[in-house]
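Let's look at how some of the side chains in this protein pair up. The report takes charged pairs and ring pairs in turn.

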Amino acid sequence: MLSFNRSFFATAVLVSAALTLTACGPKDAGSTGSKRGSSSSSGHSAKKAGKENSKKVKKARKNTGDCPSIGTGHKIIWVNNVEGAMNNIIAKDARMHCDPKSQAGASYQPIGQLTTYSVASGATKVTIISKKDSRQKALTAQSGGIAHVKTCADPDGKSYDGGQTKADTSDCWGQNFYDVAVDKNNKITQMTEIYGS
């Protein structure tokens, strides 16, 4: 009688173990254990799920205040003023300060000496921040881009020649930081006004 109970008990343990393994398979959403399957398809599924999760994490980071990166061949400048007949942009290089954990965005600080730049041509793309429209606008240097830069860098109109009226600065964002691409001759080939906190 005792041997019958032992074999019954052993069979019950094996059946119970088999049921447990069936219930915790890799497709079980509630399973938190290791997924060591012997088939290559379960390994493939795990890799695919890992890649999808990685993409979701990257996308979430992108939308939570990560610091901007400066493109190759670009730099950030702070415009002090524009001289002459819109020919010379007098600016300092700028340093970016940004902590992705704070989600406050980037802030910029002018550094170093003033440098003189000019635009490559009247068709040079200049993207400005329009405070009135609450958005960026794509212009060219000749069709309002550099005029905006000059007006906003000189809110009191002190660098304007005699006889000109004070410019309307109500469309100025007010920080005068720009992401620029500059060629070897210090000519700006692209200019984009940027937001800073």
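Lys 75 is a good place to begin: with a relative accessible area of 28%, this residue is partly exposed. Please keep in mind that the model is predicted.

**Charged pairs**

Side chains of opposite charge can pair when their charged atoms come close. Which residue forms a salt bridge with Lys 75? The partner is Asp 93, and the closest N and O atoms of the two are 3.2 Å apart. Lys 75 belongs to strand β1 (residues 74-83) and Asp 93 to strand β2 (residues 88-97), so this salt bridge ties together parts that are 18 residues apart in sequence. Like its partner, Asp 93 has a computed accessibility: a relative accessible area of 31% makes this residue partly exposed.

The count of salt bridges comes to 2. Another one joins Lys 137 to Asp 133, with 3.1 Å between the closest N and O atoms. Lys 137 counts as partly exposed at 26% relative accessibility, and Asp 133 counts as partly exposed at 37%.

**Ring pairs**

A pair of aromatic rings is described by the distance of the centres and the angle of the planes. How many aromatic pairs does the model have? The count comes to 2, and the table sets out their geometry.

| Pair | Distance of centres | Angle of planes | Arrangement |
|---|---|---|---|
| Tyr 108 and Phe 177 | 5.6 Å | 40° | tilted |
| Trp 173 and Tyr 195 | 4.9 Å | 80° | edge-to-face |

Why is the pair of Tyr 108 and Phe 177 called tilted? Their planes stand at 40°, and an angle that is neither under 30 degrees (stacked) nor over 60 (edge-to-face) counts as tilted. The pair links distant parts of the chain, with Tyr 108 in strand β3 (residues 107-119) and Phe 177 in strand β6 (residues 177-182), 69 residues apart. Are Tyr 108 and Phe 177 buried or exposed? Both are buried.

For Trp 173 and Tyr 195, the planes are at 80°, so the pair is edge-to-face. Trp 173 sits in the loop between α3 (141-153) and β6, while Tyr 195 sits in the segment after β7 (187-193), so the pair ties together parts that are 22 residues apart in sequence. Trp 173 counts as partly exposed, at 32% relative accessibility. Tyr 195 has a relative accessible area of 40% and is partly exposed.

Technical notes: Residues are numbered from 1 along each chain as its sequence is written. This is a predicted model: local features need pLDDT of at least 70, side-chain atom pairs count only at pLDDT 80 or more; totals for chains, interfaces and linings use all residues. Side-chain values use heavy atoms; hydrogens and water are left out. Rings of Phe, Tyr and Trp (its six-membered ring) pair if their centres lie within 6.5 Å; planes under 30 degrees apart count as stacked, over 60 as edge-to-face and the rest as tilted. Helices (H or I, at least four residues) and strands (E, at least two) are DSSP runs, numbered from the N terminus. Buried means under 20% relative accessible area, exposed over 50%, partly exposed in between (1.4 Å probe, protein chains only). A salt bridge is a side-chain nitrogen of Lys or Arg within 4 Å of a carboxyl oxygen of Asp or Glu.
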